[in-house]
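Okay, thanks everyone for coming. I'll put the structure up and we'll walk through a few spots together.

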Amino acid sequence: MGDESVPSLLDQGTTKTYQIPIGHLDYKFIEKCTDVKHLEKILRVLRSGEEGCYPDLTLFCEKRIEHLDPGSRALRKDKPAATASDFTAEEWETINGELMVQGLLLCNIIVFVTFINLRFDVEKECSKIDEGGEENNSKSRFFNRPSLPLIEKKIDTTGMTKKEKVFIATREKEKGNEAFASGDYMEAVTYYTRSISVLPTAAAYNNKAQAEIKLQDWDSALQDCEKVLDMEPNNVKALMRRATVNNQLKNYETAIEDLNKVLCIEPENAVAKKNLLETEKKLKGLKPVSKTEGKGKRILIEEIEDSEGSEERGENAEECGRSSGDKGNVVSFPV
């Protein structure tokens with residue numbers, strides 16, 4: 001059907017949409033009309049086909065609107081999404097490469113945000129332990145949990161580059177942080193151990209010691225605190241945790257020594273001050289056993305100063321070492 005038959009077919013009346021007079025759907029009216037809004041309504045009616053299909057008249061209306069208002073929204077047409085066939089091989093390779101880079105950046109951001117959140121949870125939990133609020137109630141429920149699939153505690157690093165080791169060690173430590181945050185301290189210890197097997201770090205040993213404190217595995221926690229202090233002699237967290245362990249093992253004098261070192265490094269550490277007072281009270285509460293009872297043994301505890309360590313700990317730690325002196329203390333414990 002040609003557009004020249006339009007006038008004869010357009011009877012008097014209005015359109016269903018917008019109630020436009022039928023007589024306005026005409027070449028002469030469109031050519032003379034200067035109301036862009038009205039022309040846009042006419043264009044929508046013509047495109048809808050509700051009054052018939054008139055492609056030439058529709059194109060004429062589009063050109064008239066474009067002449068009056070080139071930026072009209074009615075002239076915008078949806079374009080289908082581009083596909084690989086719309087680009088040359090070189091263009092598509094460039095686009096694909098950029099998408100891969102953006103995907104890697106997004107993955108790194110997600111990993112980083114997750115790490116920060118988990119690290120915060122672990123540090124918060126660690127501070128609770130350092131305050132001494134949970135030592136007596138930290139018996140882990142995981143000693144008797146159902147057996148889970150065995151996770152290897154050591155990762156084979158043969159052929160790995162330094163960057164690969166750093167990446168894998170960090171990933172395993174983050175898994176440990178996730179397990180710690182969920183309360184699965186045994187699994188946390190496993191992942192921290194895996195991280196250490198790839199690349200030993202003070203942070204991994206410190207976190208592992210914290211999980212072991214939760215499990216009341218005092219000997220292992222003590223060993224890991226020692227590892228941290230071998231790497232970083234002034235690591236306050238390791239000193240605080242070693243003091244916690246020694247407190248549980250009733251090695252009060254050793255715990256006091258660590259707390260004093262903390263206060264030499266951080267004189268205003270409120271948690272260390274509080275724990276020091278409590279430990280000193282426990283030490284004073286120990287009563288020497290009478291010689292007539294014959295059930296006690298006198299143990300000589302010597303405070304040996306580590307000259308090499310004291311050099312590394314800075315002025316505060318040196319001052320603390322000199323104040324402690326080389327005195328030996330004799331304490332009597334029941335056998």
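Let's start at D69, which sits in the loop between α4 (55-68) and α5 (89-130). Keep in mind throughout that this is a predicted model. Is D69 buried or exposed, or something in between? With a relative accessible area of 30%, D69 counts as partly exposed, because the buried class stops under 20% and the exposed class begins over 50%. Leaving aside neighbours within four places in sequence, D69 is in contact with V36 and L75. The V36 pairing spans 33 residues of sequence, yet the two C-alpha atoms are 7.2 Å apart in space.

Okay, zooming out. We have 14 helices and two strands in the protein. Of the 335 residues, 34% count as buried. If you take the contacts between residues at least 6 apart in sequence, 60% of them join residues at least 24 apart.

And how confident was the predictor? The average pLDDT is 76, and 67% of the residues score at least 70. Two stretches to flag here. Over residues 133-144 the pLDDT is below 50, although that stretch does have 25 contacts in the model beyond near neighbours in sequence. Likewise, residues 299-314 come in below 50, with 28 contacts of that kind. Where pLDDT is low, the predicted coordinates should not be read in detail. I'll leave those two alone.

Now to the cores. The largest nonpolar core has 18 residues, and the ones touching the most other members are V228, M240, L259, V262, A272 and L276. Which helices feed into this core? At least two residues each come from α8 (202-214), α9 (218-231), α10, α11 (252-265) and α12 (270-284). Take A272 as an example: not counting residues up to four places away in sequence, A272 touches M240, L259, V262 and L263. There's also a second, separate core of 15 residues, including I30, I42, L46 and C61. As general background, nonpolar side chains in soluble globular proteins tend to be buried together.

Let's look at α9 on its own. At 1.5 Å a residue, the 14 residues of α9 should span 20 Å, and the end C-alpha atoms are indeed 20 Å apart, so that agrees. The buried residues of α9 are W218, A221, D224, C225, V228 and L229. They cover an arc of only 140° around the axis, so they sit on the same side of α9. Over on the other side of α9, D219, Q223 and D230 are exposed. What covers the buried residues? Helices α8 and α10 are included in that cover.

Those two helices each carry a polar residue I'd like to show you. In α8, have a look at N206. N206 is buried, because its relative accessible area is 5%, under the 20% cut-off. What does the N206 side chain pair up with? It makes a polar contact with the side chain of R241, at 3.1 Å. Beyond residues up to four places away in sequence, N206 touches V228, N235, K237, A238 and R241. V228, you'll remember, is among the best-connected members of the largest core.

Then there's R242, in helix α10 (residues 236-248). R242 has a relative accessible area of 10%, which means it counts as buried too. The R242 side chain makes a polar contact with the side chain of E226, at 3.1 Å. Setting aside residues up to four places away in sequence, R242 touches L222, C225, E226, L229, D258 and K261. Two of those, C225 and L229, are on the list of buried α9 residues I just gave. And finally, R242 and Q210 are 32 residues apart in sequence, with their C-alpha atoms 9.9 Å apart in space.

That's my tour, so let's open it up for discussion.

Terms used. Residues are numbered from 1 along each chain as its sequence is written. This is a predicted model: local features need pLDDT of at least 70, side-chain atom pairs count only at pLDDT 80 or more; totals for chains, interfaces and linings use all residues. Side-chain values use heavy atoms; hydrogens and water are left out. pLDDT is the predictor's confidence in each residue, from 0 to 100. Contact means heavy atoms within 4.5 Å. Helices (H or I, at least four residues) and strands (E, at least two) are DSSP runs, numbered from the N terminus. Buried means under 20% relative accessible area, exposed over 50%, partly exposed in between (1.4 Å probe, protein chains only). A polar contact is a pair of N or O atoms within 3.5 Å; within protein, one must be able to donate a hydrogen and the other to accept it, and residues adjacent in sequence count only if both atoms are side-chain atoms. A nonpolar core is a set of buried Ala, Val, Leu, Ile, Met, Phe, Trp, Tyr and Cys residues joined through side-chain atoms within 4.5 Å. The expected span of a helix is 1.5 Å times one less than its number of residues. The arc is that of the directions from the helix axis to the C-beta atoms.
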